[in-house]
Amino acid sequence: MTMRGNLWQTVRSQISRPSFGMLVRQSIRAPCFGVACNGHRLAAYHRAKCIASRWLVTTTNGQVDPSVVNEWSPKDAIKAKDNVSVVLFEPEIPPNTGTIARQCAAVTTPLHLIKPLGFDLTEKRLLRAGLDYWQHVRVFVWEDWNHFVSTVQPSRCVLVTKKAGEDHLYHHFKYEQGDHLVFGAETRGLPPLLMDDSNYNKVRIPMWGEVRSLNLAASVSIVLYTALQGVGHTGMKGDGSCST
């Protein structure tokens with residue numbers, strides 16, 4: 001197979017079938033769909049390659065580079081403990097964690113992952129969701145909850161759970177610098193180990209429609225931006241808009 005063929009197969013293997021079809025449709029700019037000359041095919045190929053380079057994480061011989069997600073050291077975690085941080089307790093779905101990592105990169109928020117994870121850090125769907133922003137995310141991976149707490153010693157943990165009281169709404173809570181926002185696994189939520197601990201604050205996102213829960217990544221975005229605004233983060237104005 002030619003080099004061009006190899007790259008084309010790599011692009012196809014890294015992108016789902018519907019997305020690949022959309023990529024090709026976006027890449028073709030032929031004046032007539034009935035025209036199938038080599039020139040248009042070549043142009044479509046190069047256009048698709050450019051689009052794919054924005055979608056795919058760095059690859060080596062068609063494989064995801066395992067060094068894309070940089071795990072920071074415990075010492076770095078201790079230094080970052082005074083920041084508002086996101087903690088995912090045993091996350092299960094790779095695209096959710098990848099999307100949350102991208103969100104954390106956008107607002108320079110540390111991200112803690114508590115094992116066991118439902119995926120490997122080289123999982124394609126995880127890396128794809130985080131796009132090429134992994135180098136800008138401070139990711140800390142911990143063997144279990146006790147390892148995280150004993151090492152970081154967070155000043156305060158705020159558990160985000162639908163089991164919090166009706167009057168414990170996330171937007172009424174007074175956030176502080178150093179708060180660690182803790183979110184449970186997608187299918188199980190937070191365990192009794194955390195829920196029964198009276199030292200942890202609990203907040204909930206209100207829901208009044210016929211749904212059991214919100215998407216994990218959406219929940220993190222809702223609470224994280226509210227927390228950053230609440231502590232007067234330098235990236236937020238008083239009205240909640242981003243500063244320049």
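The legends below describe close-up views of a predicted model.

**View 1. The largest nonpolar core and its best-connected members.** This core holds 36 residues, among which Val-86, Ile-100, Leu-111, Tyr-175, Leu-181 and Phe-183 touch the most other members. At least two residues each come from several elements, including strand S3 (85-89), helix H5 (94-106), strand S7 (179-183) and helix H9 (216-230), and H9 gives the most, with seven residues.

**View 2. The surroundings of Val-86.** Apart from its neighbours within four places in sequence, Val-86 is in contact with Ile-100, Cys-104, Thr-109, Pro-110, Leu-111, His-112, Leu-181, Phe-183, Val-220 and Leu-224. A second, separate core of 16 residues includes Val-87, Trp-142, Val-152 and Leu-159.

**View 3. Strand S5 and its partner S4.** Val-139 and Val-141 point one way from S5 while Phe-140 and Trp-142 point the other way, and all are buried. S4 and S5 run parallel and are joined by four bridges, with Trp-142 of S5 as the bridge partner of Ile-114. Between these strands the chain passes through H6, in a β-α-β crossover that is right-handed.

**View 4. Aromatic pairs.** The count of aromatic pairs comes to five. One of them joins Trp-145 and Phe-148 in a tilted arrangement, 5.2 Å centre to centre with 55° between the planes; both residues lie in helix H7 (residues 145-152), three residues apart, and both are buried. Phe-173 and Tyr-175 form an edge-to-face pair, 5.0 Å centre to centre with 70° between the planes. Phe-173 has a relative accessible area of 19% and is therefore buried, and Tyr-175, at 5%, also counts as buried, because buried means under 20%.

Terms used. Residues numbered from 1 in each chain as written. Predicted model: local features only at pLDDT ≥ 70, side-chain atom pairs only at ≥ 80, totals over all residues. Heavy atoms only, no water. Core = buried A, V, L, I, M, F, W, Y, C linked by side-chain atoms within 4.5 Å. Buried < 20%, exposed > 50% of the residue type's maximum accessible area, 1.4 Å probe, protein only. Contact = heavy atoms within 4.5 Å. Pairing = 2+ DSSP bridges. Right-handed = clockwise from strand over helix to strand, strands pointing away. Phe/Tyr/Trp six-rings, centres within 6.5 Å; stacked < 30°, edge-to-face > 60°.
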